Amino acid sequence: MSKQSFLADQGPGATLAAIRDTGPLVQNITNFVAMDLAANLLLSVGASPAMAHAGEEVEEFVTLASALTINTGTFTSDWLEAAVAAAAQAVATGTPWVLDPVGCGATKFRLANASRLAKMRPTIIRGNASEIAALSGASAQDSGGKGVDSTLAADAVLEQARRLALNSGAVVAVTGEVDLVTDGDAVLRVANGHMLLTRVTAAGCALTALTGAAAAVCKDPMRAARDALVIMGVAGERAAAVARGPGSFRVALLDALYNLESAQLDEEARLP
Ligand code: ATP
Ligand code: TZP
Ligand code: MG
Ligand code: MG
């Protein structure tokens, strides 16, 4: 895919409008920490969240959903098997699916889980820089990371992100102060956001859920990933302007997402 082909497309405002118009059902297999924020964030932008991870129902659920997100943040072995079944069903039904390899550099179990899922044709992989470095095969020393948090800037792992995109077939979105999105060839950057997003747990996980909603309405995964980052980043900036700290920021973030005007989003997007 050439850079021109997706840049010629409509901007993030059109993606937000499409989410609101169509209200896509986004199925999330996500962690206990993130479930509340991710579900509320999807509702705030006009999507319909469903948190469903039981092995008995995941395949049936995927057939109903417009997108699937899988976040490995608090996985146990049974959740992993359910996620593998859900990912296979997503691929079989042509449902876009997004992988969030939370803290995958921290333990062998996490890396094995995320690596297995990364081989199952995710549409988009979204992680912080340390997670993307670890998933691309970098050593624990090179990928850094502190549990689920990153110790690297997104641009420091550009080559690893490119390699991961080429090996997995996914578009890779790396978040940080300046986010980057790559399909292994073209690279996009999003400079929106605010430091307070790193002071609210599961902001990244909720962004992954939002990326699922964007992928549901936007066929081009580069554009879907970029637009989700712009929506989250602009909302973060607006929330920070009225917040007194992480607690009020978390509430203000949902309000900002709900009140975003799609026309203004394109003006406030910072795409260096
Ligand atoms: P969490 O922040 O909840 O630990 P994560 O580590 O998975 O999640 P992050 O890289 O923190 O994900 O990205 C979450 C959001 O925060 C993204 O929208 C990103 O653009 C934004 N962000 C991250 N770091 C910064 C920063 N230093 N300045 C501005 N925005 C940031
Ligand atoms: N521990 C396991 S999952 C999780 C924590 C703290 C949430 C991580 O959220 P994010 O958005 O990846 O920082
Ligand atoms: Mg973080
Ligand atoms: Mg994360």
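**Two ligands, one helix and a few loop residues**

The space taken by ligand 1 is the largest pocket. The model is a predicted one, and ligand 2 also sits in the largest pocket. That makes the pocket a handy place to start, with the helix that borders it next and the loops last.

Around ligand 1 there are 18 residues, and N128, D149, T175, D179 and A203 are the closest of them. Two elements, β5 (124–128) and α10, each put at least two residues into this shell. The biggest share comes from α10, which gives three residues. As for polar atoms, a side-chain one of N128 lies 3.0 Å from an oxygen atom of ligand 1. The backbone joins in too: an N or O atom of A202 is 3.4 Å from an oxygen of ligand 1, and a polar backbone atom of G204 is 3.2 Å from an oxygen of this ligand. On its own, ligand 1 has 600 Å² of accessible area, and the protein covers 87% of it.

Turning to ligand 2, its surroundings are made up of N31, V33, G73, T74, V148, T201, A202, A203, G204 and C205. Here the backbone supplies several polar partners. An N or O atom in the backbone of A202 is 3.4 Å from an oxygen atom of ligand 2, while for G204 a polar backbone atom lies 3.0 Å from an oxygen of ligand 2. With C205, the distance from a polar backbone atom to a ligand 2 oxygen is 2.8 Å. Taken alone, ligand 2 exposes 370 Å², of which the protein buries 80%. A202 and G204 thus turn up in both sets of contacts, with backbone atoms facing an oxygen of ligand 1 and an oxygen of ligand 2.

What about the helix itself? Helix α10 runs over residues 203–217, and at 1.5 Å a residue its 15 residues should span 21 Å; the end C-alpha atoms are 22 Å apart, so the two figures agree. Twelve of the 15 residues are buried, which means that α10 is largely enclosed by the rest of the structure. Among the buried ones are A203 and C205, along with the run from A206 to A215.

Just ahead of this helix, A202 lies in the loop between β8 (187–190) and α10. Its relative accessible area is 9%, so A202 counts as buried. The backbone is a bit unusual at this point, because most residues other than glycine have a negative phi. A202 is not a glycine, yet its phi is positive, at about 75 degrees.

R121 is another non-glycine residue with a positive phi, near 55 degrees. Its place is in the loop between α6 and β5. R121 has a relative accessible area of 53%, and is therefore exposed. K119 is found in the loop between α6 (108–118) and β5 as well; at 67% relative accessibility, K119 is exposed. From K119 to G245 there are 126 residues along the chain, and their C-alpha atoms are separated by 39 Å.

Finally, S66 sits in the loop between α4 (58–64) and β3 (67–71). With 32% relative accessibility, S66 is partly exposed, because that value falls between the 20% and 50% cut-offs. S66 and W97 are 31 residues apart in sequence, and their C-alpha atoms are 9.2 Å apart in space.

Definitions and conventions
Residues are numbered from 1 along each chain as its sequence is written. Chains are lettered from A and ligands numbered from 1 in the order in which they are written. This is a predicted model: local features need pLDDT of at least 70, side-chain atom pairs count only at pLDDT 80 or more; totals for chains, interfaces and linings use all residues. Side-chain values use heavy atoms; hydrogens and water are left out. Helices (H or I, at least four residues) and strands (E, at least two) are DSSP runs, numbered from the N terminus. The expected span of a helix is 1.5 Å times one less than its number of residues. Buried means under 20% relative accessible area, exposed over 50%, partly exposed in between (1.4 Å probe, protein chains only). A residue is near a molecule or strand if one of its heavy atoms lies within 4 Å of it. A polar contact is a pair of N or O atoms within 3.5 Å; within protein, one must be able to donate a hydrogen and the other to accept it, and residues adjacent in sequence count only if both atoms are side-chain atoms. Accessible areas come from the Shrake-Rupley method with a 1.4 Å probe; for residues, only the protein chains shown count as cover. On a 1 Å grid over the protein atoms alone, a cavity is a set of points where a 1.4 Å probe fits but cannot get out, and a pocket is an open set with protein on both sides within 12 Å along at least five of seven lines; lining residues have an atom within 4 Å of a point. A molecule sits in a cavity or pocket if more than half of its atoms lie within 2 Å of its grid points.
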